[in-house]
Protein chains: 2
Amino acid sequence: MPITTIQLSHGSGAGLRALLNEIIYPALATDQTGPFEDAAVLSSFSGRPAFTTDAFVVDPLEFPGGDIGKLSACGTINDLAMMGARPRFLAVALILEEGLDAALLSRVLCSLRRICDDTGMRIACGDTKVVDRGKADGMFITTTGIGEVAEGRALSAANCKEGDSVIVSGGIGLHGIAILAARKKLSFASEAVSDCAPLWDIADRLLRAVPGVRVLRDATRGGVAAALNEIADDSQVTMRLTAKAIPVPGVVHGACSFLGMDPLQIANEGRFIAVVPADQAHKALDTLRGHAPGRDAAIIGTVEKRGRFPVLLTTDIGGTRVVELPPGELLPRIC
Amino acid sequence: MPITTIQLSHGSGAGLRALLNEIIYPALATDQTGPFEDAAVLSSFSGRPAFTTDAFVVDPLEFPGGDIGKLSACGTINDLAMMGARPRFLAVALILEEGLDAALLSRVLCSLRRICDDTGMRIACGDTKVVDRGKADGMFITTTGIGEVAEGRALSAANCKEGDSVIVSGGIGLHGIAILAARKKLSFASEAVSDCAPLWDIADRLLRAVPGVRVLRDATRGGVAAALNEIADDSQVTMRLTAKAIPVPGVVHGACSFLGMDPLQIANEGRFIAVVPADQAHKALDTLRGHAPGRDAAIIGTVEKRGRFPVLLTTDIGGTRVVELPPGELLPRIC
């Protein structure tokens, strides 16, 4: 009988073998012939390895523009891409709640695999655990990636210099608003579609076109505000943004106005900050705008000598306000 | 005010920064000075990389002989060790339930770090997510490891040959029984202490002393029965065990008799199977017995031509029974 619902008995022994053979291996399209070793031995690779891990606990599991599987692949691919590391190998660890719909599991794993295929990343190893009903929330996925940093490349949040330009790769806040709208069934934000996307391709094109790029950082939890505060602190500089230059999609602007939130603090899953020398900013912008996820890229600010605050915003009416790290979790479980 | 309980507000922004600075970085003793990049760039290493991931959902979080932190480090170290890979880098992803005691979190992370320190494995990157109360069970940890396989080493579950000897590295079943006793408060098994231990050191000594070792496999979920069935299937051989040769600690024997369970199907977290050419079996045994976690190592069987069943056991009274993969989850959440 085909598996329709995840049971505790799928957590080990013959039950686990059935779950792997029927649902997980077909979805992930990994080598199903064995031998199944304790660890995958990878082909050697050139360049230095980059290594990153992320646990994904997004609620709901499926949302406009993506699902937990797509998000789990993109999140780790993007963390590697932001270091200029070509994504090579992915480890996928699943925690499944007893009672999870097997068709949903299959869908999200297919999403995950599709992103890996598109990016040329191989799913190298995995693990599956089942916990009793009420002890998890459907499913959690932890992905861990190994990437390959080309010789001589050294992106770091500590690299900014005074006079540099600050670029954002597209309209901000769509992921967080899409999740919030899906979770709370907010009709006024129902057209929000997550920006969730893999960023290796566009990051690679940017780094090839503009070798002087100093920093890349994806603006996930805490949004652009968190990313810029981190960079400013690590580089010991102040960033000054211009409000009217920041691309804020209408649905994000509307929802944030209504809910009293700041678009700069809303999470993205397919947008990043690039800090580049001012004389290369337009080349960078043109490169980003030439590719799908960067169509709405914009220069949003400049790097200044460190002042009292890490990030300042010149408002539409010419005032200045401090852009703060969000105090805590504005939107829990957006990733 | 110091953090005493994990709150949803510790999941992002300034709250997450406080959790990292007060609890997580001090416990893991990782570089706290930044810059905090999206991915860790590792030193290059010789040999081929081995890669493995495991989600840990053990219940209870602390048990005789260990806790979820120790288990999370050992589990991944051991998966690497079983491929003959020196553990080098660890990624640690935490999923924390709102309401988790901060002192408990600190204790289990200190346990995790101690095992890494002892094994010479560096904690290279991590991630922390907080989910709302009732959506996880205290905490889950996913660890992912990168190891280094020495040139020319090629352990595989497909390597067994007829005539080989099957060795177990110590008394079996203690981890599963210790977890069960702690969870169900079984007084008759209360002296069971988990065998949870990092196995790189003993595996490395064995591989140096006996270069002919064909297979190493730790006997975790599904116990020795699952490990041997997997190896027998991958090598297309039959393994014949001798019941009286199998080291079963008294407390495991007693608990299994009482509960109607088979010690061969009980999980271990510090025991492994080694398959070696018969003429090197005694050298292997002596090497294992010379080091703490291998003191009770024993030759428990031989490899035969593939018959109808993957694993057979000659019983104490001279009969033969099939040793099966456990049908499903005998003891949920033992790791």
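**Notebook: cysteines, charges, sheet and symmetry**

I began with Cys196(B), which counts as buried at 4% relative accessibility; here buried means under 20% relative accessible area, exposed means over 50% and partly exposed lies in between, with a 1.4 Å probe and protein chains only. I note at the outset that this is a predicted model, in which local features need pLDDT of at least 70 and side-chain atom pairs count only at pLDDT 80 or more, while totals for chains, interfaces and linings use all residues. Residues are numbered from 1 along each chain as its sequence is written, chains are lettered from A and ligands numbered from 1 in the order in which they are written, and side-chain values use heavy atoms, with hydrogens and water left out.

**Cysteines**

I asked how many disulfides a search of the whole structure finds over all chains. The search gives zero, a disulfide being a pair of cysteine sulfur atoms within 2.5 Å. For Cys196(B), the closest cysteine sulfur is that of Cys74(B), and at 3.9 Å it is too far for a bond. I also looked up Cys160(A), which is buried at 6% relative accessibility.

**Salt bridges**

Side chains of opposite charge can pair when their charged atoms come close. I used the rule that a salt bridge is a side-chain nitrogen of Lys or Arg within 4 Å of a carboxyl oxygen of Asp or Glu, and the count by this rule is 40 over all chains. Helices (H or I, at least four residues) and strands (E, at least two) are DSSP runs, numbered from the N terminus.

The entry for Asp204(A) and Arg208(A) is a salt bridge whose closest N and O atoms are 3.1 Å apart. Both residues belong to helix H5 (residues 200-209) of chain A, where a spacing of four residues separates them by about one helical turn. Asp204(A) is buried, at 10% relative accessible area, whereas Arg208(A) is exposed, at 57%.

Next I looked at Glu230(A) and Arg217(A), whose side chains meet in a salt bridge of 2.6 Å, N to O. Glu230(A) sits in helix H6 (residues 223-235) of chain A and Arg217(A) in strand E9 (residues 215-218) of chain A, so this pair ties together parts 13 residues apart in sequence. Glu230(A) is partly exposed at 25% relative accessibility, and Arg217(A) is buried at 3%.

In chain B, I found Arg240(B) in a salt bridge with Glu304(B), the closest N and O atoms being 3.0 Å apart. Because Arg240(B) lies in strand E10 (residues 237-242) of chain B and Glu304(B) in strand E12 (residues 298-305) of chain B, the pair ties together parts that are 64 residues apart in sequence. Arg240(B) is partly exposed at 26%, and so is Glu304(B), at 27%. Elsewhere, Glu37(A), Asp38(A), Arg217(B) and Glu230(B) are joined into one network by salt bridges that share partners.

**Strand pairing**

Strands of a sheet pair through backbone hydrogen bonds, either parallel or antiparallel. I counted two strands as paired if DSSP finds at least two bridges between them. E10(B) and E12(B) run antiparallel and are joined by five bridges, and within this chain Met239(B) has Val303(B) as its bridge partner in E12(B). Strand E8 (residues 165-168) of chain B is also antiparallel to E12(B), over four bridges, and Ser165(B) has Thr302(B) as its partner there.

In chain A, I traced an open sheet of seven strands in the order E9-E11-E8-E12-E10-E13-E14, with mixed pairing. E9 and strand E14 (320-322) are the edge strands, each pairing on one side only. From one strand to the next the twist averages 25°, taking axes as lines fitted to C-alpha atoms, for helices over the stretch in contact, with angles from 0 to 180 degrees between N-to-C directions. Strand E10 (residues 237-242) and strand E13 (residues 311-314) of chain A pair in the parallel sense over four bridges, and Leu241(A) stands opposite Leu313(A) in E13(A). H6(A) lies across several strands of chain A, including E10, to which the helix runs at about 150°.

**Symmetry**

I then asked what turn lays chain B on chain A. A turn of 180°, with a shift of 0.0 Å along the axis, does this with an RMSD of 0.0 Å, which is the relation of a two-fold axis. The C-alpha of Ala136(B) is the nearest to the axis in chain B, at 2.2 Å. Both copies use the same surface, as 100% of the contact residues of chain B recur in chain A. The copies are superposed by least squares on C-alpha atoms of residues with pLDDT of at least 70 in both, and contact means heavy atoms within 4.5 Å.
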